[in-house]
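Q: Please take a close look at one helix of this structure and at the parts that surround it. How is each of them placed, and what is covered or open there?

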Amino acid sequence: MRIWTNARLATMAPGLPGLGIIEDGAVAAEGERILYAGPCSGAPSSDGYEVIDCEGRWILPGLIDCHTHLVWAGSRAHEFELRLAGASYEEIARAGGGIRSTVSAVRAASEEQLIAESLPRLDALIAEGVTTIEIKSGYGLSVEHELKQLRAARALGKARPVDIETTLLAAHTLPPEYDGRADAYIDLVCNEIIPAAASAGVASAVDAFCETIGFTPAQTDRVLTSARQHNLAVKLHADQLSNLQGGALAARHNALSADHLEYLDAAGIAAMVDSGTVAVMLPGAYYFLRDTHAPPLDALRKAGVCLAISTDCNPGTSPLTSLLLTMNMGATLFRMTVEECLLGATRNAARALGLEGDTGTLEAGKLCHLSIWDIERPAELVNNMGLNRLHARIWRGQ
């Protein structure tokens, strides 16, 4: 049993206003779970507890990165150089680059190689107080290699003290062997890859890339329907580059989240309100691609859509391994408020993963995931760029 005292808490609890701030607070844990989080005056007796004096530091829930593609092999940095020199995405792709270069590298890599290459990225996030992370597949594009990616992602959770949620993203792009046969590939995804992932128990959700350069709404609908038939939750890359009504499609399937959403329209917003689907903001990709069409934050905010934020860590369009910098980008590029950024990386990120019953807030019964900070006020976590003031990270009470 442990108790953290003499702390300022940003509990993120829904029953409290704003960030749920409690001055002169304490958090007590028994085993992996929080027993108490609130004013020191109401804390349980410290008898029998290991007492940690926080000396006035801030305690927040452990941070949650709810949308990543963190497991991959190889590097796409050369493509970055080519783009800076004026090459287009299409030119790079025709030369064998783009996402297909990552697919080739992942297919050639062993599971052990994928784990080894991914650990430094995971360690960077852990060093910033991240205690839960979602990792998607999507660079294997076959039964064998999609499952290999998912197993590697799950293995990261055994190699490090972190909770890993895995998402099958086989409908990410068309593999080269299926050129010109997109419907046949979707048959493979629905009839073989999704059932195999469900049977192996290596994924808790299914995602798809519904886009002009990805898959059509009709094809995406087939993927999400198959996921539901196999008792898997659904998420969706939606309306990033064009308006294909991806947000509304996600909502029809009661998706946990719809992510990107730069071209989301009013009908999509209304559908997401009705379904409770979380809108996940991914400013890293917006920044890296030098996009100029921001998501409709004001409309989402006014409609009351739940907002989360994530790194979108991936090799081609968001090679970002800092959730702290991501929050700054969300504030500067999308004009998210400090409160929206911090809730978006804790309570609302948990909801985007279907984990709100276990994590994301400092409340009795939740997993004891804490991030303890040497800061004067929580806004510093959004304001600072490149400065990590993490004092301690607690995962499952330890």
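**A helix and its surroundings**

A: Leu-114, Ile-115, Ser-118, Leu-119, Arg-121, Leu-122, Leu-125 and Ile-126 are the buried residues of α4, where buried means under 20% relative accessible area, exposed over 50%, and partly exposed in between, with a 1.4 Å probe and protein chains only. Helices are DSSP runs of H or I with at least four residues, strands are runs of E with at least two, and both are numbered from the N terminus. The model is a predicted one, in which local features need pLDDT of at least 70 and side-chain atom pairs count only at pLDDT 80 or more, while totals for chains, interfaces and linings use all residues. Residues are numbered from 1 along each chain as its sequence is written, and side-chain values use heavy atoms, with hydrogens and water left out.

Helix α4 covers residues 111–126, and its 16 residues should span 22 Å at 1.5 Å a residue, which agrees with the 21 Å between its end C-alpha atoms; the expected span is 1.5 Å times one less than the number of residues. A kink of about 35° is nevertheless found at Leu-119, shortly before the proline Pro-120. This bend is the angle between axes fitted to the seven residues ending at a residue and the seven starting there.

What do the buried residues of α4 pack against? Their partners are the helices α3 (99–108), α5 (143–159) and α12 (323–334), together with the strands β6 (63–65), β7 (130–136) and β15 (390–394). Contact here means heavy atoms within 4.5 Å.

One of these partners, α12, is itself mostly covered, with nine of its twelve residues buried. The buried residues are Leu-323, Leu-324, Thr-326, Met-327, Asn-328, Met-329, Gly-330, Ala-331 and Phe-334. From its first C-alpha to its last, α12 reaches 15 Å, close to the expected 16 Å.

Leu-324 of α12 also helps to line the largest cavity, along with Glu-380, Leu-381, Asn-384, Leu-387 and Arg-389. A cavity is a set of points on a 1 Å grid over the protein atoms alone where a 1.4 Å probe fits but cannot get out, and lining residues have an atom within 4 Å of a point. The structure holds one cavity of 30 Å³ or more, and the largest contains about 30 Å³ of space. Its lining comprises three nonpolar, one polar and two charged residues. In this scheme Leu counts as nonpolar, Glu and Arg as charged, and Asn as polar.

Leu-324 also serves as a reference point for Arg-94, a residue of helix α2 (residues 89–94). The two C-alpha atoms are separated by 35 Å, with their positions 230 residues apart along the chain. Arg-94 is exposed, at a relative accessible area of 67%.

After α12 comes the loop leading to α13 (338–344), which holds Arg-335. Most residues other than glycine have a negative phi. Arg-335, however, has a positive phi of about 65° although it is not a glycine, and it is exposed at 60% relative accessible area.

Thr-346, in the loop between α13 and α14 (347–352), is buried, with 0% relative accessibility. Leaving aside neighbours within four places in sequence, Thr-346 is in contact with Met-12, Pro-61, Gly-62, Leu-63, Ile-64 and Gly-360.

Notes:
On a 1 Å grid over the protein atoms alone, a cavity is a set of points where a 1.4 Å probe fits but cannot get out, and a pocket is an open set with protein on both sides within 12 Å along at least five of seven lines; lining residues have an atom within 4 Å of a point. Grid points are joined across faces, edges and corners, and a volume is the space filled by probe spheres set on the points.
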